[in-house]
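Visitor: I am new to this structure. Please show it to me, and then let me ask a few things.

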Amino acid sequence: MKASVCARYGPPEVLQLREVPKPVPRDEEILVKVFATTVARGDVRMRGFAVPFWQWLPARLYLGVRKPKRAVLGMELAGEVEAFGRNVTRFSKGDRVFAFAGFGFGAHAEYICLPENGARAEEGLVALMPANMSFAEAAAATGGALTALRFMRNGRICPGQRVLIYGASGSLGTFAVQLAKHFGAEVTGVCSAANLELVRSLGADRVIDYAATDFAAGDLRYDFVFDAVARTSRRRCRRALKKGGIFLSAHDARGSSAIRTEDLVFLKSLIEAGKVRSVIDRTYTLEQIVEAHRYVDLGHKKGNVVVTVAR
Ligand SMILES: NC(=O)c1ccc[n+]([C@@H]2O[C@H](COP(=O)([O-])OP(=O)(O)OC[C@H]3O[C@@H](n4cnc5c(N)ncnc54)[C@H](OP(=O)(O)O)[C@@H]3O)[C@@H](O)[C@H]2O)c1
């Protein structure tokens with residue numbers, strides 16, 4: 001099968017499209033024919049080995065000393081079940097699924113094996129795809145959506161509370177705005193002028209252009225501030241929080257550690273009820289994956305960047 005292989009850390013040009021062995025599902029695994037995947041922030045981070053210097057050594061030991069242990073990147077996908085191991089009971093051949101491969105990566109390929117019942121994000125989580133989405137939309141509604149959901153739950157949002165999403169136009173941000181609305185919050189989204197309309201269209205009650213206005217300098221106080229792009233700080237937000245208010249940043253490890261398959265099933269129900277949608281900025285083919293990485297590297301994608309695989 002064809003796969004995008006990251007044979008060493010470096011710029012997008014290190015990626016090569018190669019023929020690699022097609023995986024064979026183990027007893028508890030399904031084999032998914034990938035129709036769409038994404039280039040997420042985690043993929044470009046892994047490829048470029050963009051970690052703070054104090055994490056350099058532990059990260060190299062964990063991810064691979066000279067090159068990534070996971071040579072095929074790709075954390076998010078949607079596709080069709082093509083085969084399965086003998087102990088699989090939840091899925092059948094032809095089922096349309098969406099999945100978060102997580103730090104197992106491997107989605108930038110024509111096929112991927114995933115455990116039927118992954119217990120943790122690291123193992124891979126898979127569920128039947130929302131009926132009202134294309135493969136591209138469904139692939140984009142996994143990692144960022146799951147992480148945003150976890151953060152919104154950790155923010156303990158109650159109906160009527162005031163929530164601010166800083167960096168509301170990225171993958172996490174676009175889902176966080178919609179999920180905070182679903183949980184009943186009054187939502188303010190902070191983004192650049194170019195994305196104000198997009199963030200409003202996702203349901204934000206108020207939008208602030210970060211280049212023109214300092215959200216923390218206004219009169220409004222928030223119950224929960226979520227920094228979806230890890231570009232502001234607890235210190236800077238202190239003035240904007242109500243007494244007892246919560247600040248969380250996307251780099252807070254607690255956010256993504258507890259993601260479960262039930263969360264993916266919950267997202268499916270919200271999507272099918274029309275409460276949540278995925279935002280797709282650009283679409284590339286697997287052959288164009290170097291260009292997709294170059295674009296995500298710029299740090300200005302709106303929502304998600306999709307890569308179509310099977311046609
Ligand atoms: N996506 C995931 O699955 C996932 C999972 C776990 C953790 N994370 C972490 O969450 C963070 C965000 O990931 P992401 O994928 O959502 O990011 P992203 O989509 O790459 O974020 C890009 C967005 O950030 C906005 N932005 C850039 N600089 C900004 C600034 N100074 N202030 C406000 N907005 C700014 C950009 O808008 P403008 O260009 O208009 O400024 C752009 O729309 C990353 O640190 C990532 O490691 C992501």
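Guide: One definition to start: helices (H or I, at least four residues) and strands (E, at least two) are DSSP runs, numbered from the N terminus. Residues are numbered from 1 along each chain as its sequence is written. The model is predicted: local features need pLDDT of at least 70, side-chain atom pairs count only at pLDDT 80 or more, and totals for chains, interfaces and linings use all residues.

Visitor: Which residue with positive phi follows α10?
Guide: Look just past the end of helix α10. The phi there is positive, near 85 degrees. The residue is G299.

Visitor: Why do the buried residues of α10 lie on the same side?
Guide: Buried means that 20 or more other C-beta atoms, placed from the backbone, lie within 10 Å of the residue's own. In α10 (residues 289-297) these are I289, A292, H293 and V296. They share a side because the directions from the helix axis to their C-beta atoms cover an arc of only 100 degrees.

Visitor: How far apart are the centres of domain 1 and domain 2?
Guide: The bounds come from an automatic or database domain assignment. Domain 1 is 2-141 + 278-308, and domain 2 is 145-254. Taken over C-alpha atoms, their centres are separated by 27 Å.

Visitor: Which residues come nearest to the ligand?
Guide: A residue counts as near if its C-beta atom, placed from the backbone, lies within 6 Å. The shell draws at least three residues from each of domain 1 and domain 2. Of the 28 residues around the ligand, the nearest are G143, G170, S192, A250 and H300.

Conventions: Buried ≥ 20, exposed ≤ 12 C-beta atoms within 10 Å, placed from the backbone.
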